[in-house]
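Work through the two exercises below with the model open. Each task is followed by its solution.

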Amino acid sequence: MTGTFWSLVPAIVAIVLALITKEVYSSLFIGIAIGGLFYANFNFEGTVIHIFQDGIIGSLTDGYNMGIIVFLVILGIMVCMMNMAGGSKAFGRWAETHIKTRVGAQLATILLGALIFIDDYFNCLTVGSVMRPVTDRQNISRAKLSYLIDATAAPICIIAPVSSWAAAVSGFVEGEDGFTVFLKAIPYNYYALLTIVMMVTMVVMKVEFGSMKTHEVNAINGDLFTTGDIVFGGADDEKGNENGKVIDLVLPVVTLIICCVIGMIYSGGFFSGEGIGFVEAFSNSDASVGLMLGSFFAFLITVLFYAYRKVLSFKDSMACVPEGFKAMVPAILILTFAWTLKSMTDSLGAKEYVAGLMESAAGGLVTMLPAIIFIVGCLLAFATGTSWGTFGILIPIVVAVFEGRDATMMIISISACMAGAVCGDHCSPISDTTIMASAGGQCNHVNHVSTQLPYAITCAVVSCITYIIAGVTKNAVISLIVGIALMISTVAVLKKAFGTVEEAKAE
């Protein structure tokens, strides 16, 4: 079964079960068990050893994964501290006087997401903790908040030159100046760009469709969750210190951003004394180490700041440590299972199987290749739950196919790899970014996936058409203008077909 279609079956089973049963833990574990059975040729002892020793323990002892878990825990603690110090509550009061409409709250969420472009994990959890009180007061569903968070996480990071994603992509482009290739690829990254266009247009036009519309109508009537299962629970914003001010939320968030940037460039050797520049250090950075170190020092500064402000004593800050950890347990559990499932598909040769398919398709219609690469990237990222892993597989193949032959088509195809990876990652229930968006919005994970899926697929279809146009014209500007026009027209058609949320409420 190694290196064949069967290598993708464990992930497909897990995804389908999660969407059908609405229960993510058992679905992921069943997918992991199937992967173990396939790998061990249905030998009981071999299956158990592969699942637990190679899979779960292997994922948790991986240095990168553990760094992300530490970052998650510290962020959970800081969110709990911001709530207890009254920062979130004060920001909510400030927002009540400045953000008075549902449209305004959603646009503010998008803007904040666009400003935090360093890393998608950081983006998801920070935007969620800051904007949740604001969107709750404007009766925006947790599913819609999670979509806005998710749609401004990876899509923003993949077009931001200074981000952990730019650093990752630059490392995959062997034999070329990776950072220059990344910059040239930005105008062709249609899924990321059109996701932002679609999101803003839908917010302004007040259009919702699919199950998201049900969630939004229910939210206007006071039910933010629809299915009733409140998960990822943390400290209650309403129980915060009455003396808290907006600065008690803003300063820790700003500190977190600055410390994480310093942590990222530190991990890339900026302070090593070897003359490594800022951009080069970011390109060489280790996101896991940078975010872990940055969040730890931001946590220390926040503890001291709250003690100085007398809004949270040292003892109360330490009481937030177990509370913050508990709030992140569901996200950590899903992440651990998702990483384990990825290790199952890796051990079955899923990467090699897809790479073989790509190489055989490369000799076909060259003008259609960007669209084909985009679709393959979508499917691979959806099945494996990793966008970085997806463009890590596909980009070297694209470089090998086009290097020295057609530089423009190589750039377009590399963009298609990145766009497809982000799209599949967006759609997949086992994607770590999708899991983080659920945690940031404190939304049931399956609710987030099922409401986001129709939106992501709509944007994917428009993006695929745009890649066909780009393959023919080889012109970034013309293709992007056509893609944006097509995207806005699609939203206008959806508005005519489904109406607005207010109209649905009136019915």
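A pocket is an open set of grid points with protein on both sides within 12 Å along at least five of seven lines, and its lining residues have an atom within 4 Å of a point. The model used here is predicted.

**Exercise 1.** Describe the largest pocket: its volume, its lining residues and the elements that supply them.

Solution.
1. The volume of the largest pocket is about 550 Å³.
2. Its lining consists of 27 residues. Nearest the centre lie Tyr64, Trp339, Lys342, Thr386 and Asp432.
3. Two or more lining residues come from each of helix H3 (44-60), helix H4 (63-84), helix H7 (120-137), helix H10 (164-172), helix H17 (314-347), helix H20 (387-402) and helix H22 (432-441).
4. H17 contributes the most, with 5 residues.
5. Sorted by class, the lining holds 9 nonpolar, 10 polar and 8 charged residues.

**Exercise 2.** Find how many disulfides the whole structure has, and explain why Cys80 and Cys423 do not form a bond with the closest cysteine.

Solution.
1. The cut-off for a disulfide is a pair of cysteine sulfur atoms within 2.5 Å.
2. For Cys80, the closest cysteine sulfur belongs to Cys320 and is 3.6 Å away, so the two are too far apart for a bond. Cys80 is buried, with a relative accessible area of 5%.
3. For Cys423, the closest cysteine sulfur is that of Cys378, at 3.5 Å, which is also too far for a bond. Cys423 is buried, at a relative accessible area of 2%.
4. Searching the whole structure gives 0 disulfides.

Note on methods
Residues numbered from 1 in each chain as written. Predicted model: local features only at pLDDT ≥ 70, side-chain atom pairs only at ≥ 80, totals over all residues. Heavy atoms only, no water. Buried < 20%, exposed > 50% of the residue type's maximum accessible area, 1.4 Å probe, protein only. 1 Å grid on protein atoms, 1.4 Å probe; cavity = no way out; pocket = protein on both sides within 12 Å on 5 of 7 lines; lining within 4 Å. Points joined across faces, edges and corners; volume = space filled by probe spheres on them. Helix = DSSP H or I, 4+ residues; strand = E, 2+ residues; numbered from the N terminus. Nonpolar A, V, L, I, M, F, W, Y, C, P; charged D, E, K, R; others polar.
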